[in-house]
Amino acid sequence: MSLRAQAGRLQSGDRRLEALTLDTEGSLADHRLQATLREGPHQASLMLQGGWAAPRWQGRLTGFTLAGPLPLRLREPAELALAAGELRLGASVFEGEAGVLRLEELARADGRWRVAGRASLQRLARAAEALGLERPVPASEFDLDQLGVEASVRLEGTTAADLAGDVSLSVRAPPGMP
């Protein structure tokens, strides 16, 4: 089986996806899929390898890149399982200009999300700018890019509004900072 599909200017509510490309090769039980999407300044590409055995797809996320203001990429393949209303991404490491994200687990089941992991963040001014956030302190007073932030997260909930759990942050200031 081999399939290539392309779509452009897809709209869902106020979200617009400029382009979507899907390429797949193999059999239902053992195949590879590559998907690329573009929205505004962002382009994401993901690669999966695995197979369908009802009622789920089981395999690996073999590649992920996000190009744009805050580039990000998957360091090495990670286990992935998908079923109706369910998702589970195993331990994985993503790295980019703003730092490193180490996921222990990202899962959705029974309408609830679970996320656990750690992040080491750097170049905070660049990251804030890329996200469209205003600088909380003028650059002339303090350079946010000199700070480092370590975060540890273990959260669970149905939506971003009701996530509950543990979050810890530590900030590393450069030597000689007042």
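**Gln6**

I started with the contacts of Gln6 in this predicted model. Leaving out residues up to four places away in sequence, I find that Gln6 touches Leu20 and Thr21. I place Gln6 in strand S1, which covers residues 2-12. Is Gln6 buried or exposed? I read a relative accessibility of 60%, so Gln6 counts as exposed. The cut-off for exposed is over 50%. I then checked Gln6 against Leu61. The two are 55 residues apart in sequence. Their C-alpha atoms are 21 Å apart in space.

**The whole protein**

I stepped back to the overall make-up. I count one helix and 13 strands. Where does the helix come in the order of elements? Reading from the N terminus, I get β-β-β-β-β-β-β-β-β-β-β-α-β-β. The helix therefore follows eleven strands and precedes two.

I noted the extent of the C-alpha trace next. Along the principal axes it spans about 60 × 35 × 30 Å. The protein has 178 residues, and buried ones make up 27% of them. I also looked at contacts between residues at least 6 apart in sequence. Of these, 27% join residues at least 24 apart.

For the surface, I have about 11,300 Å² exposed. Carbon and sulfur atoms supply 55% of that area. For charge, I list 21 positive and 23 negative side chains. How far apart are the centres of the two sets? They lie 3 Å apart.

**Strands S3, S4 and S5**

I followed the pairing from S3 onwards. Strand S3 runs over residues 31-39 and strand S4 over residues 42-53. They pair in the antiparallel sense, and I count nine bridges. In this pairing, Leu37 stands opposite Ala44 of S4.

I looked at the turn as well. The hairpin of S3 and S4 has two residues between the strands. Which residue there takes a positive phi? It is Gly40, with a phi near 55°.

S4 also pairs with strand S5, residues 56-67. This pairing is antiparallel too, over eleven bridges. Here I find Leu48 opposite Leu61 in S5. That is the Leu61 I had checked against Gln6. S4 and S5 form a hairpin, again with two residues between them.

I kept one general point in mind while reading the strands. In a regular strand, side chains alternate between the two faces of the sheet.

**Ser92**

I moved on to strand S9, residues 92-96, where Ser92 is found. Why does Ser92 count as buried? Its relative accessibility is 4%, and buried means under 20%. I listed what Ser92 touches, not counting residues up to four places away in sequence. The contacts are Leu74, Ala78, Leu101, Arg102 and Leu103.

**Salt bridges**

I searched the whole structure and got 13 salt bridges. I looked at three of them one by one.

I took Glu25 and Arg32 to begin with. Their side chains meet at 3.3 Å, N to O. Glu25 is partly exposed, with a relative accessible area of 45%. Arg32 is partly exposed as well, at 45%.

I went on to Arg75 and Glu95. This salt bridge has an N to O distance of 2.8 Å. Which parts does the pair tie together? Arg75 lies in the loop between strand S6 (72-74) and strand S7 (78-83), and Glu95 lies in strand S9, so the pair joins parts that are 20 residues apart in sequence. Arg75 counts as partly exposed, at 37% relative accessibility. I also noted a network of salt bridges here. It links Arg73, Arg75 and Glu95.

I finished with Glu105 and Arg88. Their side chains meet at 4.0 Å, N to O. Glu105 lies in strand S10 (residues 99-109) and Arg88 in strand S8 (residues 86-89), so this pair ties together parts 17 residues apart in sequence. Is Glu105 buried or exposed? Glu105 counts as buried, because its relative accessibility is 17% and the cut-off for buried is under 20%. Its partner Arg88 is partly exposed, with a relative accessible area of 40%.

Key: Residues numbered from 1 in each chain as written. Predicted model: local features only at pLDDT ≥ 70, side-chain atom pairs only at ≥ 80, totals over all residues. Heavy atoms only, no water. Pairing = 2+ DSSP bridges. Helix = DSSP H or I, 4+ residues; strand = E, 2+ residues; numbered from the N terminus. Buried < 20%, exposed > 50% of the residue type's maximum accessible area, 1.4 Å probe, protein only. Contact = heavy atoms within 4.5 Å. Areas by Shrake-Rupley, 256 points an atom, 1.4 Å probe, with all protein chains shown as cover. Lys, Arg positive; Asp, Glu negative; His and termini not counted. Charge placed at Lys NZ, Arg CZ, Asp CG, Glu CD.
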